[in-house]
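Hi there,

Here is the structure I promised to pass on to you. Please have a look at it first, and then read on for what turned up in it.

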Amino acid sequence: MKYKGRNDWIFGDMWGLVVDGVFHGIHIKWSKTGEETPLGHVTSKDLLHFTACDDILYPLPESEYPMDCLMKFTGCCMTAKNGLHYIYYTMRTSNADEKIALAVSKDMKTFELYDKNPVLEVDENIFFTTGPHVDCRDMLIVYHEKEDVYYGYFAAMADMGYGSPSGVIGVAKSSDLVTWRDQKIAYAAPFMGTVEVPDVFEIDGKWYLIMLTGNNYGAKGISEDEDVTYFTAYAVADSPEGPFVHTDDKIFIGGNSNSAGVCRTVIFDGKRYLHYVDRGREGQSISLPKEICVVDGKLRPCYAQITQKLRTGKMMRKFDESSFKKLSSSHAWMTASGEAKVCEGKLIFDSYRNSYQKYRIENEKYASIEMECILSADCTECGFMFEAYSEKETERPQETSFLSLNFDREKVIMYQNALMFDPCAKRSVTLEKNKEYHVRAIVMEGIFEIYIDDILVLQGAIETAEHIVPGIVVGNGNCEIKELKIYELEK
């Protein structure tokens, strides 16, 4: 189901727009052989299923297009008042100097380059324009109806007094989407490094900026969570011009090198949705959509109800003691460390002191799975178990992953080793014992997503093989689960 492209290239940054109820996604295609590639084009009527269209905007010969001879980098799309669709992209020279260019389409099928490209290059009086290359990429355009003006945001570098240039998000204005003026710095990174792929939108009078960064961008000091190394940060402003500044909570989506990549949003059926690049065990792909919400004053990616369209109809929601098989907690001896009980519609799982117990849900397997429940705990940790089986090996899982809500450490952790509890991803969250939480997990095609009270808190890559057998795990105490539901999802 998840759109990954072909085996000879890797799915990259995607941006797009909605035309007549159809989402058009333009995306980078990273060649596995290193050759220059065109941009990909996909369409979707529901933000869940994607159809590949013909490639667009092929690399150009350097002899004729010296400023636009490499593969196009990230941009954005905008339907102009004249009804034409404007596709912006990052044009690059052989030295990787960057400028913003424009292609125009009447039907989102054929695209013609604007004959006066580039439409935007950075102002050398504000931004850094010398060095190994010039940064001016990842254009994102917002129409501000009150002012009847377009704001264009782009990733650049500037001298912010750190001793060498550092990452900024620039902004410029336009009345016609072609001529851009009044460049300024809308956001300056509070670290020595870079940020890129901005998206900007307004919610309830506040303007929000999201952007990709992480330890590999030089942003190690910005994260309040040492376990979050690759992330999308956000900043807030009272005006579309900025300045955008971070609140105490900076991380919008966080994880590690297997976590979510480039984020971009789109208005679809009246709601703002987010897609990012999934980095799963089965390759990079378009993520499931997320709703953008402000929860308790914080910008959050949330579970999208439209995701439920992926449910096949197969589900499990009735359980008794015979539904759960206790699995050994030791590789050397068949040790069992707890019991599972059903009491007045509640599922109660426990494990002995300093021990843990896992419970497989018998006779259930899924190609892709969504689990949810209301959970409260008086234990060190508890959560869901996912055993990944191949069609050839039905007795022993290829890998067993545990979703753990660790109440003592206040972390959400995904473990990928059934007996050793090796973490593959983790993130700090606020957790209280004996408090009810709505916990949801989606596991499909090499990726996992974890939600608490419908807020996405962790995502990344795990083994899913051909089918998944679910279960429950609890350590050093007991947990109470209500309204446990398991759904099969399309694959």
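One definition before the details: two strands are taken as paired if DSSP finds at least two bridges between them. With that in hand, Thr43 has Thr51 in S4 as its bridge partner. Strand S3, which covers residues 40–44, pairs with S4 in the antiparallel sense, and two bridges hold that pairing. Both strands belong to an open sheet of four strands, ordered S1-S2-S3-S4 with antiparallel pairing. Strand S1 (9–19) and strand S4 (51–52) are at the edges with a single partner strand each, so one side of each has no neighbour in the sheet. As general background, strands of a sheet pair through backbone hydrogen bonds, either parallel or antiparallel.

Please keep in mind that this is a predicted model.

Now the overall picture. The protein has 33 strands and zero helices. Its C-alpha trace spans about 70 × 45 × 40 Å along the principal axes. The radius of gyration is 24 Å, which agrees with the value near 23 Å that a compact globule of 491 residues would have. Of those 491 residues, 59% count as buried. Looking at contacts between residues at least 6 apart in sequence, 56% join residues at least 24 apart.

Next, the nonpolar interior. The largest nonpolar core holds 50 residues, and the ones that touch the most other members are Tyr88, Trp180, Tyr187 and Phe244. Strand S10 (residues 149–158) is the biggest contributor to this core, giving eight residues. If you would like to look around Tyr187, its contacts beyond four places in sequence include Val168, Ile169, Leu209, Ile222, Phe244 and His246. Apart from that core there is another one of 44 residues, with Met371, Cys382, Leu403 and Ile472 among them.

Leu403 and Ile472 also come up in the surroundings of Gly383: leaving out residues up to four places away in sequence, Gly383 touches Leu403, Gly471, Ile472 and Val473. Gly383 lies in strand S26, residues 368–389, and counts as buried because its relative accessibility is 3%, with the limit for buried set at under 20%. Gly383 and Ala441 are 58 residues apart in sequence, yet their C-alpha atoms are 9.8 Å apart in space.

Ser376 lies in strand S26 too. With a relative accessible area of 12%, Ser376 is buried. Not counting neighbours within four places in sequence, Ser376 is in contact with Asn434, Lys435, Glu436, Cys479 and Glu480.

Is Arg353 buried or exposed? Arg353 has a relative accessible area of 69%, so this residue is exposed, as the cut-off for exposed is over 50%. Arg353 lies in strand S25 (residues 346–361). From Arg353 to Gly475 there are 122 residues in sequence and 8.1 Å in space, C-alpha to C-alpha.

You may also enjoy the hairpin formed by S31 and S32. Two residues lie between these strands, and Asp453 in the turn has a positive phi of about 50°. Strand S31 (residues 447–452) and S32 run antiparallel and are joined by six bridges; in one of the pairings, Phe448 has Gly460 in S32 as its bridge partner. Strand S32 (residues 455–461) is mostly covered, with seven of its seven residues buried.

Finally, the rings. How many aromatic pairs does a search of the whole structure find? The search finds 18 of them. In one pair, Tyr143 and Tyr150 have ring centres 4.9 Å apart and planes at 45°, so this pair is tilted; tilted covers angles that are neither under 30 degrees nor over 60. Tyr143 is partly exposed at 33% relative accessible area, whereas Tyr150 is buried at 5%. Elsewhere, Phe319, Phe324, Phe349 and Tyr359 form one aromatic cluster.

Two charged side chains sit over rings as well. Arg311 lies over the face of Tyr487, 3.6 Å from the ring centre. Lys314 has its charged end over the ring of Tyr366, at 4.5 Å from the centre.

Happy viewing, and best wishes!

Key:
Residues are numbered from 1 along each chain as its sequence is written. This is a predicted model: local features need pLDDT of at least 70, side-chain atom pairs count only at pLDDT 80 or more; totals for chains, interfaces and linings use all residues. Side-chain values use heavy atoms; hydrogens and water are left out. Rings of Phe, Tyr and Trp (its six-membered ring) pair if their centres lie within 6.5 Å; planes under 30 degrees apart count as stacked, over 60 as edge-to-face and the rest as tilted. Buried means under 20% relative accessible area, exposed over 50%, partly exposed in between (1.4 Å probe, protein chains only). A charge sits over a ring if NZ of Lys or CZ of Arg is within 6 Å of the ring centre and within 35 degrees of the ring normal. A nonpolar core is a set of buried Ala, Val, Leu, Ile, Met, Phe, Trp, Tyr and Cys residues joined through side-chain atoms within 4.5 Å. Contact means heavy atoms within 4.5 Å. The radius of gyration is taken over C-alpha atoms; the globule rule is 2.2 Å times the number of residues to the power 0.38.
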